[in-house]
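Trainee: Before I rely on any label in a model like this, I would like to hear what stands behind each one. Could we go through them one at a time?

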Amino acid sequence: MSLFKAEAAKSAFFTIRQSGRPVEPGERWLFGLGMGGIALFLALFVLLPLCTLFLRSVYDRDGAFVGLANFTAFLEAPTLVRSVVNSLSLSLLTTVITVALAFLYAFCLTRTRMAGKGLFRLLAQIPLLAPSLLPAIALVYLFGNKGILRGLLMGESIYGPIGIVMGEVFYTFPHAVMILTVALSTSDARLYEAAEALGAGAWKRFVTITLPGVRYGLISAVFVVFTLVVTDFGVPKVIGGSTNMLATEVYKQVVGLQNFGMGAVVGIVLLVPAVLAFAADWFWQRRQMALLSARSVPFQPRENPVGDRLAFLFCALVGGLLLGLLGVAGFASIVTFWPYNLTPTLANYDFAEFDAAGWSSYANSLTLAFWTALAGTAIVFAGAWLVERAPGRAAMKGAVRLLAILPLAVPGMVLGLAYIFFFNAPWNPLGWLYHGMAILVLATVAHFYTVSHLTAVTALKQLDAEFEAVSASLKVPVWTTFLRVTVPLCLPAILDIAIYFFVNAMTTVSAVVFLYAPETKPASVAVLNMDDAGEVAGAAAMAMMIVLTSAVVRALHALLSRVLQARTQAWRHR
Amino acid sequence: MIRRTTLLGTCALALLAAVTSATGAGAATRLTVYTALENEQLTPYKKAFEADNPGIEIEWVRDSTGVVTAKLLAEKDNPKADVVWGLAASSLMILDTQGMLMPYQPKGAEELKTGFRDAKTPPAWVGMDAWMAAICFNTVEAEKKKLPKPASWADLLKPEYKGQIVMPNPASSGTGFLAVSGWLQTMGADKGWSYMDKLNDNIALYTHSGSKPCKMAAAGEYPIGISIEYTGAQQKTKGAPIDVILASEGVGWEMEATAIVKGTQKAEAAKALADWAASRKANEQYVNFYQVTAHPGVTKETPNYPKNAEAAMNKTNDFVWAAANRDRILADWEKRYGAKSEPKS
């Protein structure tokens, strides 16, 4: 409805600039409050805790000031060169593989009319639903020395670079798909029609319209995947064998040696990719034009029997692989003793048998995931909208942008420790947050802020700022435009963000492991504890419960999206 | 649309309320106990203690030794734990040097073996039981590969074991360090390092977790894992075709111990727990899982546990030396073997 008004009123406008809408005094106040709120949130839950931790890098273990001694010690460490080389090369390789696969996958989902799109969307999410232990177990059962398919590795060992790349591709795939699907799903059909009328072939249209259109999403995906791999220690820890990575160095320093100073040093080094990402983001975001102007005509893929079938085959292959890994983990949860006694059993699901907390940790996880999804989505989307749409305050926006990208580069373990140092400090008035569910929720929101923020930004960038300009000229208050135009238009992205928070909160371990209290222990930690105790099958079983829960929520989300889509996204179809 | 969101929110809140109300609160004194005990020990230990001490309730925060120690150290300025029950003595020694423990002589602690408590009076920590470095040997895989059963550390250097052995990285895992410091103490520095040089040639890979090598051996991934005897016994009980071997030269060992955290608001309850943890009754619980306990009078056959564990433990096990030289040893170790790259198969 607003769309028509917008169309009609548009001719009244002569100058349209991004963020250049006139602002009422009341709105200015609101914008200021909002920006301040977001900046304060990020400062309190990202910047200050990290600063508290990084300050440790100039102290030794006994708390004596040592200047840059920790940094020189790090530079002289014999394993450093190799771990930097390993981290960079394996992360690059993973990034190339993941982004290529994810781009094709997202392209099939958005630009073809293949069958089973809803199913494939769900399949792409599988890795998100699973705690990182599941793929590790599955990869060992498949490619380990007793694995079913070890012949495929031709004598190479899974414990090392091969295992790391396989595990990381699995782990990062949904992140890339999520960003790229959002980027690809908004496009202006008029461009394609014009190009076709001018005689441009399919390839030319792809190169000149599609690729430039998703440039921002593509670059975000590359940086997200790269940074995720560089900072992840879960996969290399479990399946990397002796291959040293920078992130496993953090693990060694913090958990192995309890040397927080050195851990902080490696943590600082790990921030480098994020800072680069920020620079690139800043550079590119000035060039991204809105793809969807007020008079856009949504792109509708046409039927193409051969292409659609190829797309289906590709997605079936990728989705099948993802499902296959999950299936192997499911199998792991019902065998008696791998690989010597394969008798199926359900005994592994009797968690009280392995873990004192039994099923209560599962309930804790539900609470955590619910609040994370609710709070996280509201904060992230409002924050992204303010950064993209509020007028002026360039410096503050820059700061918020940087802080929003930062969490991606911070290994969860580093964040968890930083939270202890900051929130448990005797002088901190926020100390009451520590040791409750709230700190787990806040840590999880902060930990997964970046990808959600990028998704929201990608969705928002594709909406023309004219919407606000037009509604302003119609004297519609800005929050009305936000609630009645922006939010409905971005609803698919918003739901994606909510679900992203939910499933990540179900599986997150590395940050919360330092923060949970006896009565808030989440299921993901229980999984780790059980695996620790040698209960691989019990761990797999609890992990499967997490997967099932997330899958059910995901399915509900799909249903809800469909209903909402019909109501708010009808404009995308002709 | 708005109405629908509200409805959704209400439903979710109702669900939450149902979920959270399941965990009720009692009037008892709640002790927050940090621990690295195995999962299966938590319930029996808690039940046994609470049965003897009505009015005190244990709330566990359990994780691996490294994580719990890191958490305790990070919380140093504002401790959240009341008691640490079941953490490596070497970790407690670190906490003690940071002034984080409240020395306390539990009732009856004088009955415990002398090596099993802090030398100071009153002791900062009191031992519970010992665990040690062991070799987990998969008999089924060994049969297939025609590998003889090793009986000593020296056996592991045999060329036929090349690429068949897994051990924990001592920088990531306390168990790994236990083995390394054990070799250095019994063989002396020169022989110890030259032993590890040769052993390194046979090692397929170094893991980050201490129990992982035994689990890998149990699953047949690699036939031999240098790990913890406890994990070995546990895996064997679960049906793994492994033998748990305590090397004939003697093995490095470590103990689990109890300590009260300085600054606890619940000192009386904490002392009650410390008393109980040192009692004969508590040791009768420990012996269900570990053969060597702090109490000299408590013994029992533990299923699938290697025989003569007490005899196999290194006589000269200097925790203070190990703690003082840890950084140096690990730096040396990293220099020599840390860069070992891809596993050789």
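Trainee: What makes B:W131, B:F289 and B:Y290 contacts of B:Y230?

Mentor: Two residues are in contact if their C-beta atoms, placed from the backbone, lie within 7 Å. Leaving aside neighbours within four places in sequence, B:Y230 is in contact with B:W131, B:F289 and B:Y290. Keep in mind that this is a predicted model, in which local features need pLDDT of at least 70 and side-chain atom pairs count only at pLDDT 80 or more, while totals for chains, interfaces and linings use all residues. Residues are numbered from 1 along each chain as its sequence is written, and chains are lettered from A and ligands numbered from 1 in the order in which they are written.

Trainee: Why does B:Y230 count as buried?

Mentor: A residue is buried if 20 or more other C-beta atoms lie within 10 Å of its own, exposed if 12 or fewer, and partly exposed in between, again with C-beta atoms placed from the backbone. B:Y230 has 23 C-beta neighbours inside 10 Å, and therefore counts as buried. This residue sits in helix 9 of chain B, where helices (H or I, at least four residues) and strands (E, at least two) are DSSP runs, numbered from the N terminus. An unreviewed UniProt entry lists B:Y230 under "binding site"; UniProt positions are given in the numbering used here, feature names are shortened, and such annotations may be inferred rather than shown by experiment.

Trainee: Which of A:M154 and A:Q258 is buried and which exposed?

Mentor: A:M154 has 6 C-beta neighbours inside 10 Å and so counts as exposed, whereas A:Q258 has 21 inside that radius and so counts as buried. A:M154 lies in the loop between helix 7 and helix 8 of chain A, and its phi is near 50°, a positive value in a residue other than glycine. Phi of A:Q258 is likewise near 50°, and A:Q258 is found in the loop between helix 13 (246-256) and helix 14 (260-285) of chain A.

Trainee: Why would such phi values, or a cis peptide bond, deserve a remark?

Mentor: Most residues other than glycine have a negative phi, and most peptide bonds are trans. The bond from A:W338 to A:P339 is cis, with omega near -10°, and A:P339 belongs to the loop between strand 1 (335-337) and strand 2 (341-344) of chain A. In chain B, a cis peptide bond joins B:T121 and B:P122, with omega about -10°.

Trainee: What makes the buried residues of helix 5 of chain A lie on the same side?

Mentor: In this helix (residues 117-124), the buried residues are A:F120, A:R121, A:L123 and A:A124. The arc is that of the directions from the helix axis to the C-beta atoms, and because these residues cover an arc of only 165°, they are on the same side of helix 5 of chain A. Their cover includes helix 4 (80-111), helix 6 (126-129), helix 8 (161-185) and helix 15 (305-332) of chain A.

Trainee: Why is helix 7 of chain A called mostly covered?

Mentor: In helix 7 (residues 133-143) of chain A, 10 of its 11 residues are buried, among them A:L133, A:L134 and A:P135.

Trainee: How do you know that chain B is as compact as a globular protein of its length?

Mentor: Chain B has 13 helices and 10 strands. The radius of gyration is taken over C-alpha atoms, and the globule rule is 2.2 Å times the number of residues to the power 0.38. The rule gives 20 Å for 345 residues and chain B has 22 Å, which is close, so chain B is as compact as a globular protein of that length. Buried residues make up 54% of the 345 residues in chain B.

Trainee: How many residues does each chain bring to the contact between chain A and chain B, and of which classes are those of chain B?

Mentor: Chain B brings 59 residues and chain A brings 58 residues. Helix 3 of chain B gives the most to the side of chain B that touches chain A, with 7 residues. That side of chain B divides into 22 nonpolar, 21 polar and 16 charged residues, where Ala, Val, Leu, Ile, Met, Phe, Trp, Tyr, Cys and Pro count as nonpolar, Asp, Glu, Lys and Arg as charged, and the others, Gly among them, as polar.
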